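Here is a short walk through a two-chain assembly, written with a computational chemist in mind. Have the viewer open as you read.

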Amino acid sequence: MTGRAQARTVPYLFVAPAVTLMVVILLVPVAIAALLSFTDYSLGNADFSFVGIDNYEDIFSRRTYAKMIASSLIYVGVVVPASIGLGLGSALLISSLRFAQDFYKAVFFLPTMAALLAMAIVWEFMLNPTIGSVNALLSAGCASPFWHGLLSGAFLGVDPATSWYGNACATGFPLWLGDRAYALGSLCFIGVWQAFGFNMVLYLAGLTAIPRELYHAAEMDGAASAWDRFRLVTWPLLGPTTVFVVTITTIRSFQVFDSVEALTAGGPSKSTYVMMYAIYEKAIRQNLIGIGAAITVVFLIFVMAVTLIQRHYVEKRVHYS
Amino acid sequence: MMRSGIGETFKHLVLLIGVVIVIAPFYMMVSYSLKSPSEIQTNSGGFAGSQQPFVDEYCVKLGNPETACTVRPAVYNYVTAFSKAPLLRYLLNGVVVTVSIFLIQVVVALPCAYALSKLTFYGRDVVFSLVLFCLLIPVHAIALPLYIMLSKVGLINSYAALIVPWTISVFGIFLMRQFFLTVPDELIDAARMDGMSEFSIVWRVMLPTAVPALLAFAIFSVVAHWNDYFWPRVVITGNQDLFTPPLGLRDFRGDLDGNDYGPMMAIATVIVTPLVVAFLIAQRRFIEGITLTGMK
């Protein structure tokens, strides 16, 4: 019967476009990257040769790539805990408020909506050492005894000359993005500024899912302080949310590119040379496809490892959800 | 009672410090987009500047009389944003690209999700495993091989290059499948009794039931691709007619002279405003859409 035959082919017709695209757009490129990472291929060059693991050796031996791995890991290592800490902290504060919850929620979520490139350019402007408002504000504080006393630690009996702020008041504030010691930190700050609101929203959702009775039960059992209740009830029950938030923030932080490309171009002296930027600069700008492909493979291994660890946790903690 | 009042005030105080830091760049962006070059250089004039008319040097250099070149800063910044850079063209490109991506994603994902959730066929588990595996691969991470493939077929610097890599949303398939699993089978059986083909069941029965999920997915997809800078940067090399809004802004900043900070901030404001305003109007929907990735 033709009807039957049709019924049998229909599912395949339905999945065919998606499967084709998954193979062509996602699987084949992974294979190509893996293959090219063992060559010295470049675009527009007809012949190329296999160079074995030379590209990988470069990544793990040359100083430039050591800096690349280091700056990526530092960026992830700062942005992930900071944006999760701030996300969780603000979610806890907001959920305990009696009014204006929606106001704070909306404001903190705003950076998630705005193009990171545009906001990074605005931050660059604000961090500009001559006409930016950040240094203007900081040095205005030096002139006021109150702010100087507070920020330099003089109120606490610290010698102003030994504190960061007191010292900066005397010798000038940093160039931020132009200073090797501060550039990566400044980019991390922009990253945290953008990411924590997203994490806050996920934690707020996680918090509303915690049954009230559990807090009462914990109190009955002697968990008197707010810290005890957090440690015994809130934190464990937020476990699945935390696993998810850690994963997505880690993957996103590994992929940081917009702010790096626009503000520092990997500099000064490669201090902000993160992996995505390295792939872009080496392979696409300089046509060194082989090394770019090798970085791509290392990158994919990082990202896949993070997701697989997450899946492992999710399966272990399934009873919570 | 008294103590909890103090606690509440303290919480608001802490959160308000956060508000100031979060809002600061938005405030500065709009403020700079209204001010004159000299007010920007000297960091003066409050939020909106004095709006004192000033003489546009560039316009005078072109041979116009000074009176014709005297402009109000806010007007100057926004007019320059739209005239010196083809901002309208960028915005149009942004709309074309984001809308095309979303529509193709739906056309590809919906039938696949339907087949995976409501039809039984040999190899279904294999296809679903493929979906789960592909969820591991972020498209940005494989930008290099995609770039090589696109340049081999001569598609670099085209709308196709901006759209093609995003036509498959593995996440969209996964999401719609989960949603379709909750749709009762009776609904589909009834449609079959009425003699509807599987094809029209997808588009005339499943699609309407999936509108809430699709709306959330639309927000997710549009926000991601309107704001995306990395991918356009890779595949559009120099052809200004194809620039998306972030590329246009980056290009404008690239060849910046001292007078153009105001117009640059005007461009940034124009790019950021649509999504921010849409978000403020429909906050709940947007938060649902953006955090979709959280509802696994």
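In what follows, buried means under 20% relative accessible area, exposed means over 50%, and partly exposed covers what lies in between. Please keep in mind that this is a predicted model.

**An enclosed helix**

A good place to apply that cut-off is helix α14 of chain A, which spans residues 275–285. Of its 11 residues, 10 are buried, so the helix is largely enclosed by the rest of the structure. The buried residues in α14(A) are A:Met275, A:Met276, A:Tyr277, A:Ala278, A:Ile279, A:Tyr280, A:Glu281, A:Lys282, A:Ala283 and A:Ile284. What do these buried residues of α14(A) pack against? Within chain A, the partners are α3 (63–95), α12, α13 and α15 (289–316). Chain B adds its own α7 (143–152) and α13 (230–235). After α14(A) comes A:Asn287, which has a positive phi near 60 degrees.

**How the two chains meet**

The packing just described leads to the interface as a whole. The size of an interface is often given as the accessible area lost when the parts come together. Here chain A and chain B bury about 7800 Å² between them, and 80% of this is on carbon and sulfur atoms. Three residues, A:Phe14, A:Met113 and A:Phe125, supply 10% of the area that chain A buries against chain B, more than any other three residues. In terms of contacts, 88 residues of chain A touch 86 residues of chain B.

A:Leu21 gives a local view of these contacts. This residue sits in helix α1 (residues 2–36) of chain A and is partly exposed, with a relative accessible area of 21%. Apart from neighbours within four places in sequence, A:Leu21 is in contact with A:Leu26 as well as B:Val108, B:Thr167 and B:Ile168. Its C-alpha atom is separated by 26 Å from that of A:Val256, a residue 235 positions away along the chain.

**Salt bridges**

Side chains of opposite charge can pair when their charged atoms come close. Over all chains, the rule counts 10 salt bridges, and 4 salt bridges are found across the interface of chain A and chain B. Some of the pairs are listed here.

| Acidic residue | Basic residue | N to O distance |
|---|---|---|
| A:Asp228 | A:Arg231 | 3.2 Å |
| A:Glu261 | B:Arg250 | 2.9 Å |
| B:Glu198 | B:Arg192 | 2.5 Å |

Consider A:Asp228 and A:Arg231. Both lie in helix α11 (residues 226–237) of chain A, 3 residues apart, which is about one turn of the helix. A:Arg231 is partly exposed, at 43% relative accessible area. In the other pair that involves chain A, A:Glu261 belongs to helix α13 (residues 258–264) of chain A and B:Arg250 to helix α14 (residues 245–254) of chain B, so the pair joins two chains. Are A:Glu261 and B:Arg250 buried or exposed? Both A:Glu261 and B:Arg250 are buried. A:Glu261 also takes part in a network of salt bridges that links A:Glu261, B:Arg233 and B:Arg250.

For the pair in chain B, the two ends fall into separate classes. B:Glu198 counts as buried because its relative accessible area is 16%, whereas B:Arg192 is partly exposed at 32%.

**A buried threonine and a nonpolar patch**

A:Thr241 lies in helix α12 (residues 239–254) of chain A. Its relative accessibility is 16%, so A:Thr241 counts as buried. Leaving out residues up to four places away in sequence, A:Thr241 touches A:Leu202, A:Tyr203 and A:Gly206.

At the surface, which residues make the nonpolar patch of about 740 Å²? A:Phe146, A:Trp147, A:Leu150, A:Leu151, A:Phe155, A:Leu156 and A:Val158 make this patch. One of them, A:Leu151, is found in helix α7 (residues 145–151) of chain A and is partly exposed, with 44% relative accessible area.

**The annotated domain**

Finally, a word on the record. An unreviewed UniProt entry lists residues 69–310 of chain A as "domain: ABC transmembrane type-1". In the model, the chain over residues 69–310 is 75% helix and 0% strand. The C-alpha atoms at the two ends of this stretch are 22 Å apart.

Note on methods
Residues numbered from 1 in each chain as written. Chains lettered and ligands numbered in written order. Predicted model: local features only at pLDDT ≥ 70, side-chain atom pairs only at ≥ 80, totals over all residues. Heavy atoms only, no water. Patch = residues over 30% accessible without salt bridge, like charges linked within 9 Å, V, L, I, M, F, W, Y side chains within 5 Å. Areas by Shrake-Rupley, 256 points an atom, 1.4 Å probe, with all protein chains shown as cover. Salt bridge = Lys/Arg side-chain N within 4 Å of Asp/Glu carboxyl O. Helix = DSSP H or I, 4+ residues; strand = E, 2+ residues; numbered from the N terminus. Buried < 20%, exposed > 50% of the residue type's maximum accessible area, 1.4 Å probe, protein only. UniProt positions renumbered as here; feature names shortened; annotations may be inferred. Contact = heavy atoms within 4.5 Å. Buried area = accessible area lost by both parts, 1.4 Å probe.
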